Amino acid sequence: MKEIFENNFEKYENPEKYDEMYSKYQDDLLYLMESVSGIDKPIIDLACGTGRLTIPMAKRGLHMVGVDLHGGMLSRAKQKADDEQVNIIFEQQDCTELDLDYKSPLIFMTGNSFQHFLTNKSQDALFQSVKKHLLPNGQFIFDTRNPNIDELAVVSEFEESHVNIENQTVIEKHCEAYNHQTQILDCTTHTEIIENQQLIHTASDSISLRYVYPMELYRLVDSHGFELISLYGSWKKDTFMKDSTSMIVHCQLK
């Protein structure tokens, strides 16, 4: 099943760029820190990437385990953990086929990584894998984008630009097309890097993201033996509404 994920890795081939884009985001960290009070057993961060959450949580004295399938992202996470002098267990594994030597009271997966599970089969396998590694009454927390029908109904083309850490202008031209039958959004990005008004580099990458709807989430949670503790519209615990950007799912084993 890991081919589903490995064929969808283009956006993660530059771990340093990933950190540059997302390292300052902390809303999910603040939410999670409220949920770990009193936990002295290993906490599992699925699709941990470069350790954006794993490392700061370990620095707060928590026993952290980071799991990811992408070797390059994990290598950067390990290097950052060494630099910060924190002890974290990192495992390169497929989240649908976890084989860890321990169980946890809390497993979480953020960054909308749930959207990488493109099929019903892979979503079911994820829940089964998580359940296998949770202690009794263990909790599973994850996020996913809330599908906006109006936005997904049309092909979206837009352009963004920013200045990177090397003082180069980066222009990104995006195209996003949604397949209503598969519920998958295919996103492609063409990137141009300009230095001293000269084009010095171009690149293209793509990613596919599965959208799920609230009733699908309820079915997944219930059918795999979990009960929903809360469903928020953001990591700041905003009430979930039809036009919320996100769905923050916090569930617990029955």
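**Notebook: the open sheet and asparagine 8**

I began with strand E2 (residues 64–68), which pairs with E3 in the parallel sense over 4 bridges; two strands count as paired if DSSP finds at least two bridges between them, and strands (E, at least two residues) and helices (H or I, at least four) are DSSP runs numbered from the N terminus. I noted that this is a predicted model, in which local features need pLDDT of at least 70 and side-chain atom pairs count only at pLDDT 80 or more, while totals for chains, interfaces and linings use all residues. Residues are numbered from 1 along each chain as its sequence is written, and side-chain values use heavy atoms, with hydrogens and water left out.

Within this pairing, I found glutamate 91 of E3 as the bridge partner of valine 67.

I then traced the whole sheet, which is open, has 7 strands with mixed pairing, and follows the order E3-E2-E1-E4-E5-E11-E10. Strand E3 (89–92) and strand E10 (226–232) are at the edges with a single partner strand each, so one side of each lacks a neighbour in the sheet.

Next I looked up helix H5 (residues 71–84), which lies across E2 and E3 and runs at about 170° to E3; axes are lines fitted to C-alpha atoms, for helices over the stretch in contact (heavy atoms within 4.5 Å), and angles run from 0 to 180 degrees between N-to-C directions.

Finally I turned to asparagine 8, in the loop between helix H1 (3–6) and helix H2 (15–22). Asparagine 8 is buried (under 20% relative accessible area, 1.4 Å probe, protein chains only), at 5%, and its side chain reaches the backbone oxygen of serine 208 at 2.8 Å.

Conventions
Buried means under 20% relative accessible area, exposed over 50%, partly exposed in between (1.4 Å probe, protein chains only). A polar contact is a pair of N or O atoms within 3.5 Å; within protein, one must be able to donate a hydrogen and the other to accept it, and residues adjacent in sequence count only if both atoms are side-chain atoms.
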